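Let's take a friendly walk through a protein model. Keep the 3D view open and turn it as you read.

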Amino acid sequence: MVEDIERNRFVLGKDDSIVGQLATVKIKEGDSLPDVARHFSLGLESIGDANPDLDLWAPQPGSRVLLPMQFVLPDAPRKGIVVNLAAMRLFYFPPKKKGEVLTYPVGIGREGRSTPIGDMVVERKAKHPTWYVPASIRKDHERKGDPLPAVVPPGPDNPLGDYAMYLSRPSYLIHGTNKPYGIGLRASNGCVRLYPENIETLYKEVPVKTPVRIVNQPYLLGWRDGELFLEAHRPHEELNAKQLRKNLIAALQKIEKKQGRKLDWPKIERVLSEARGVPIPVFENSETFDDLVRKAVALKYPDEWYGQPKPPPMTESGWYITALESGDELSAKRLAAVLNHQGPQIPARVVALQNGRFKVIAGPFKDSKSTKAAAKRMKIDLDITGDIVSPKERLSLK
């Protein structure tokens with residue numbers, strides 16, 4: 001077993017179009033796939049697609065998680081920053097380090113507020129940025145009963161995080177986040193988000209005037225050691241999926257004719273339908289997905305997961321919220337994990353009751369005000385109506 005593996009920085013040969021390697025890690029009780037994803041610099045949807053048989057929030061202890069840490073480069077010039085919306089992945093080609101590429105998972109614009117494709121540049125950068133909230137976003141929050149101020153100063157409540165790069169297309173940024181577990185999801189208002197630890201590195205590397213190209217390529221073809229690989233993602237609703245598939249088939253037919261090697265067309269159909277986001281070789285008699293998983297690098301269990309949220313110990317003086325009572329332990333575990341991974345965290349745990357049922361308890365909070373604020377966030381973000389428990393009512397949690 002291997003102690004660790006490269007996550008973000010790769011040397012790239014002139015004719016290479018694939019970087020990284022697949023890996024696996026075995027998980028334990030209390031782990032969630034978002035914990036694994038952040039530790040290995042992967043997005044939430046990416047790790048979920050690669051492991052469709054595992055519960056995202058409460059996977060079975062002892063399961064081996066496939067880490068999709070091999071990436072086909074987008075079909076774009078290797079210059080500056082390239083973001084592939086379909087893969088929710090950013091690639092940066094440093095101008096002074098030829099043959100090197102940095103890659104990070106990103107969160108992108110949600111449906112209806114898609115991140116725009118096209119060519120831009122980094123116009124300016126800001127450390128500890130202030131967020132001037134667009135009127136359209138303030139209206140959205142007002143409708144949900146969550147009014148926002150016109151200006152949000154730097155700090156834990158600022159969704160831009162600690163670093164921001166402003167693009168030449170007005171109102172669009174590449175920035176950090178105070179909701180790290182939204183990385184790898186379509187959850188922003190159109191900006192490109194990175195994990196806090198990733199944007200800090202990228203911010204230092206990228207100079208002003210760096211070109212930025214944003215593409216949306218769900219089907220990626222790449223070569224490694226004479227083998228053709230296909231990486232497939234589910235096309236976003238704004239794309240013409242039928243035309244994309246038609247274009248891909250035409251390109252594959254040209255390759256088949258030029259190379260004089262037959263393609264495994266049934267395998268290609270499986271790769272497209274499963275859309276696991278893992279590069280798969282597609283010539284006849286090439287390795288299968290199961291072959292690739294068996295050959296993946298087996299990683300040792302880490303001493304701790306980077307960024308894994310943990311609830312503080314319960315106290316007699318703390319305030320709490322009862323978020324759920326259920327006879328289903330798995331449902332309780334899922335909800336506790338979801339709450340712990342909110343941004344900022346709503347600390348939560350599962351408490352087993354004497355009657356065989358389970359409670360999800362959020363807290364402790366220091367006072368009534370912070371408890372009510374957390375309860376409001378639970379209602380707005382998750383549509384959960386929790387019962388507030390004061391220190392005097394503490395016995396009701398038992």
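## A cavity inside

This is a predicted model, and the structure holds one cavity of 30 Å³ or more. Its volume comes to about 170 Å³.

Which residues lie nearest the centre of this cavity? They are Ser-46, Ala-87, Met-88, Arg-89 and His-233, out of 19 residues that line the cavity. Helix H2 (44-50), strand E5 (70-72) and strand E7 (89-93) are the elements that each give two or more residues to this lining. By character, the lining divides into nine nonpolar, six polar and four charged residues.

## Strand E8, a covered strand

Now look for strand E8, residues 100-105. Is this strand mostly covered or mostly open? Strand E8 is mostly covered, with six of its six residues buried.

In a regular strand, side chains alternate between the two faces of the sheet. You can follow this along E8: Glu-100, Leu-102 and Tyr-104 point one way, while Val-101, Thr-103 and Pro-105 point the other way. Residues of both sets are buried.

## The partners of E8

Strand E1 (residues 9-11) runs antiparallel to E8, and three bridges join the two. To find this pairing, look for Arg-9, which stands opposite Leu-102 in E8.

E7, the strand you met at the cavity lining, also pairs with E8 in the antiparallel sense, over four bridges. Here Leu-90 stands opposite Tyr-104 in E8. E7 and E8 form a hairpin, with six residues between them. In the turn of this hairpin, Gly-99 has a positive phi of about 85°.

Terms used
Residues numbered from 1 in each chain as written. Predicted model: local features only at pLDDT ≥ 70, side-chain atom pairs only at ≥ 80, totals over all residues. Heavy atoms only, no water. 1 Å grid on protein atoms, 1.4 Å probe; cavity = no way out; pocket = protein on both sides within 12 Å on 5 of 7 lines; lining within 4 Å. Points joined across faces, edges and corners; volume = space filled by probe spheres on them. Nonpolar A, V, L, I, M, F, W, Y, C, P; charged D, E, K, R; others polar. Buried < 20%, exposed > 50% of the residue type's maximum accessible area, 1.4 Å probe, protein only. Pairing = 2+ DSSP bridges.
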